[in-house]
Amino acid sequence: MAKYELKTKQTTKSVPAFLATIEDPDRRRDCRTVLAIMKSTTKATPKMWGMNMVGFGTYRYVYASGQEGDWPLTAFAPRKQNLTVYIMPGFARYPALMKKLGKFKAGKSCLYLRSLDDVHLPTLKALIKESVAFMKRRYPSR
């Protein structure tokens with residue numbers, strides 16, 4: 001069986017140029033805030049992943065099926081309805097932070113935020129910081 005090839009890969013596109021294309025000024029402001037939080041937390045240079053995801057750092061995953069690939073330690077993507085923040089270990093290990101976060105929706109590893117005005121920013125920073133630390137422990141040397 002052929003291995004699945006991930007479509008979303010790191011690119012050489014400019015992060016500042018991408019952020020400048022965000023039409024909604026509030027969403028653009030929120031993205032710049034999350035950019036600063038993630039840059040400070042990871043100490044990594046932001047990179048574009050695919051057409052509209054800004055990622056920080058990388059880790060190499062390998063599934064039991066043999067599928068493997070590279071993915072950012074943390075990332076965000078402005079979407080039409082929400083700002084999506086990617087917390088790679090998921091949220092089950094952070095119940096106290098999730099209670100304090102504020103208004104959000106969540107998927108397995110995706111945090112959907114309508115606006116940063118709806119969340120407690122120090123809690124969001126702590127969530128990103130703890131998730132990145134976990135990923136660095138689990139996937140060292142990247």
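Two strands count as paired here if DSSP finds at least two bridges between them. Keep that in mind for the first views, and note that everything below comes from a predicted model.

**View 1. Strand E6 and its partner E5.** Strand E5 covers residues 74-78, and it runs antiparallel to E6 with 5 bridges between the two. That clears the cut-off of at least two bridges, so E5 and E6 are a pair. Getting from E5 to E6 takes a hairpin of 4 residues. For a spot to zoom in on, try Ala77, which stands opposite Thr84 of E6.

**View 2. The other partner, E8.** E6 also pairs with strand E8 (residues 110-113), again in the antiparallel sense, this time over 4 bridges. Here the residue to pick is Leu83, whose bridge partner in E8 is Leu113.

**View 3. Both faces of E6.** Strand E6 takes in residues 83-87, and 5 of its 5 residues are buried. Leu83, Val85 and Ile87 point one way, while Thr84 and Tyr86 point the other way. Which side is covered, then? Residues on both are buried.

**View 4. Thr84 up close.** Thr84 sits in strand E6. Its relative accessible area is 3%, and anything under 20% counts as buried, so Thr84 is classed that way. Setting aside neighbours within four places in sequence, Thr84 is in contact with Ala75, Phe76, Ala77 and Arg79, plus Cys110, Leu111 and Tyr112.

**View 5. Leu111 and the nonpolar core.** The largest nonpolar core has 44 residues, and Phe76, Leu111 and Leu127 have the most contacts inside it. Helix H4 (residues 121-138) supplies the largest share of this core, 6 residues. With neighbours within four places in sequence left out, the contacts of Leu111 include Leu83, Thr84 and Val85. Also among them are Phe91, Met98, Leu101, Phe104, Leu124 and Leu127, along with Lys105.

**View 6. Helix H2 and what covers it.** H2 has 18 residues and spans 25 Å from its first C-alpha to its last, close to the 26 Å expected at 1.5 Å a residue. Its buried residues are Arg27, Asp30, Cys31, Val34, Leu35, Ile37, Met38 and Thr42. An α-helix has 3.6 residues a turn, so residues three or four places apart point the same way. What lies over the buried residues of H2? Their cover includes helix H1 (15-20), strand E2 (53-56), E5, E6 and H4.

**View 7. Lys43, just past H2.** Lys43 belongs to the loop between helix H2 (25-42) and strand E1 (47-49). Its phi is near 60 degrees, a positive value in a residue other than glycine. Is Lys43 buried or exposed? Exposed, with a relative accessible area of 71%.

**View 8. A tyrosine cluster.** The model has 3 aromatic pairs. In one of them, Tyr59 and Tyr139 are tilted, with 4.6 Å centre to centre and 35 degrees between the planes. The pair ties together distant parts of the chain: Tyr59 is in strand E3 (residues 59-62) and Tyr139 in the segment after H4, 80 residues apart. Ring pairs link these two and Tyr61 into a cluster. Tyr59 itself is buried, at a relative accessible area of 7%.

**View 9. A charge over a ring.** Look for Phe134: the charged end of Arg93 sits over its ring, 3.8 Å from the ring centre.

Definitions and conventions. Residues are numbered from 1 along each chain as its sequence is written. This is a predicted model: local features need pLDDT of at least 70, side-chain atom pairs count only at pLDDT 80 or more; totals for chains, interfaces and linings use all residues. Side-chain values use heavy atoms; hydrogens and water are left out. Buried means under 20% relative accessible area, exposed over 50%, partly exposed in between (1.4 Å probe, protein chains only). A nonpolar core is a set of buried Ala, Val, Leu, Ile, Met, Phe, Trp, Tyr and Cys residues joined through side-chain atoms within 4.5 Å. Contact means heavy atoms within 4.5 Å. Rings of Phe, Tyr and Trp (its six-membered ring) pair if their centres lie within 6.5 Å; planes under 30 degrees apart count as stacked, over 60 as edge-to-face and the rest as tilted. A charge sits over a ring if NZ of Lys or CZ of Arg is within 6 Å of the ring centre and within 35 degrees of the ring normal. The expected span of a helix is 1.5 Å times one less than its number of residues.
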